[in-house]
Amino acid sequence: MGIALRLAPLLAILPLPAAAQEPAALSVERAAVAMRPGDHRWADDPTLPGPVSIVVSVPMQMAFIYRGDRLIGATTVSTGKPGKMTPIGEYSILQKRPFHRSNLYNNAPMPFMQRLTWDGVALHAGDLPGFPASHGCIRIPTAFARRLFAATQLGGHVSVVNDVIAFPAYRAADPVPHLSPDGIAALAGRDDGVSLAGGRHVPR
């Protein structure tokens, strides 16, 4: 009897690897439960339908990334410190820069910057001490920031919430796009001009 036939009964009763036993969304959710500052998990499947969107939970100091209604990533974050708190609300990604420096805070580097407001709130790679410590931006780990930057588009939806998200694996798909293609192009062009001119409306 060949070795494959002898092993077949044993293989039939052995458990499958965890990745094969559960959807990727649940795997990311499980990983998120035990994350420490700087930890993250990415499990994107570009074949899934729907746009990429982001939910940032300020009390959890975590962000959850969705493609359509499925969780594809989770990461620890550091939001704004007291007196510079990241504002709660619904945002669209207004500008993307693989590398940017702040005109407000000592030319501080902001790798993989994604602008959310005209007056100083953005997603970008940065330090994650385990508590709110930024000047209003949402800091994320560099490796995760690189992947997120590649997956998002101008006009993408970002929710900053003051809620604890108990079961992040699935959620209703967002009604997108929030901005028309012409609107996105106009905002991006305007922002380029502000950044190049060294104006004050530059993210922190």
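User: Why is Trp-42 called buried?

Analyst: Keep in mind that this is a predicted model. Trp-42 has a relative accessible area of 17%, and buried means under 20%, so Trp-42 makes the cut.

User: And what makes Trp-42 and Phe-144 an aromatic pair?

Analyst: Their rings sit 5.3 Å apart, centre to centre, and the limit for a pair is 6.5 Å, so they qualify. A search of the whole structure turns up 2 aromatic pairs, and Trp-42 with Phe-144 is one of them.

User: Why is that pair edge-to-face?

Analyst: The planes are 80° apart. Anything over 60 degrees counts as edge-to-face, so the label fits.

User: What does the pair tie together?

Analyst: Trp-42 belongs to strand S1 and Phe-144 to helix H4, so parts that are 102 residues apart in sequence get linked.

User: Is Phe-144 buried or exposed, and how do you know?

Analyst: It's buried: Phe-144 has 1% relative accessibility, and the cut-off is under 20%.

User: Where does S1 sit in its sheet?

Analyst: The sheet is an open one with 6 strands in the order S1-S4-S3-S2-S10-S5, and its pairing is mixed. S1 (40–42) and S5 (89–92) are at the edges; each has a single partner strand, so one side of each has no neighbour in the sheet. From one strand to the next, the twist averages 20°.

User: How do you know that S1 and S4 pair?

Analyst: They share 3 bridges, in the antiparallel sense. At least two bridges are needed, so S1 and S4 count as paired. Within strand S4 (residues 70–76), Gly-73 is the residue opposite Trp-42.

User: Which helices lie on this sheet?

Analyst: Helix H3 (residues 24–33) lies across S1, S3 and S4, running at about 20° to S4. Helix H4 (residues 142–151) also packs on the sheet, where it touches S1, S2, S3 and S4, and its direction makes about 35° with that of S1.

User: What makes S3 largely enclosed?

Analyst: 6 of the 6 residues of S3 are buried, so the rest of the structure largely encloses this strand. Met-62, Phe-64 and Tyr-66 point one way, while Ala-63, Ile-65 and Arg-67 point the other way. In a regular strand, side chains alternate between the two faces of the sheet.

User: Why is Arg-67 called buried?

Analyst: Its relative accessibility is 12%, and buried means under 20%, so Arg-67 counts as buried. Among the residues Arg-67 touches are Pro-46, Leu-48, Ile-72 and Ala-151.

User: What makes the Arg-67 and Asp-44 link a polar contact?

Analyst: The two side chains come to 2.8 Å, and the limit is 3.5 Å between N or O atoms, so the link passes on distance.

User: How do you know that S3 pairs with S2 and with S4?

Analyst: S2 and S3 have 6 bridges, and S3 and S4 also have 6 bridges. The minimum is two, so both pairings hold. Both run in the antiparallel sense. Ser-57 stands opposite Met-62 in S3, and Tyr-66 stands opposite Leu-71 in S4.

User: What joins those strands?

Analyst: S2 and S3 form a hairpin with 4 residues between them, and Gln-61 in that turn has a positive phi of about 55°. The S3 and S4 hairpin has 2 residues between its strands, with Gly-68 in the turn at a positive phi of about 65°.

Terms used. Residues numbered from 1 in each chain as written. Predicted model: local features only at pLDDT ≥ 70, side-chain atom pairs only at ≥ 80, totals over all residues. Heavy atoms only, no water. Axes fitted to C-alpha atoms, helices over the stretch in contact; angles between N-to-C directions. Contact = heavy atoms within 4.5 Å. Buried < 20%, exposed > 50% of the residue type's maximum accessible area, 1.4 Å probe, protein only. Polar contact = N/O pair within 3.5 Å; in protein donor to acceptor, adjacent residues only side chain to side chain. Phe/Tyr/Trp six-rings, centres within 6.5 Å; stacked < 30°, edge-to-face > 60°. Lists of a residue's contacts leave out its neighbours within four places in sequence.
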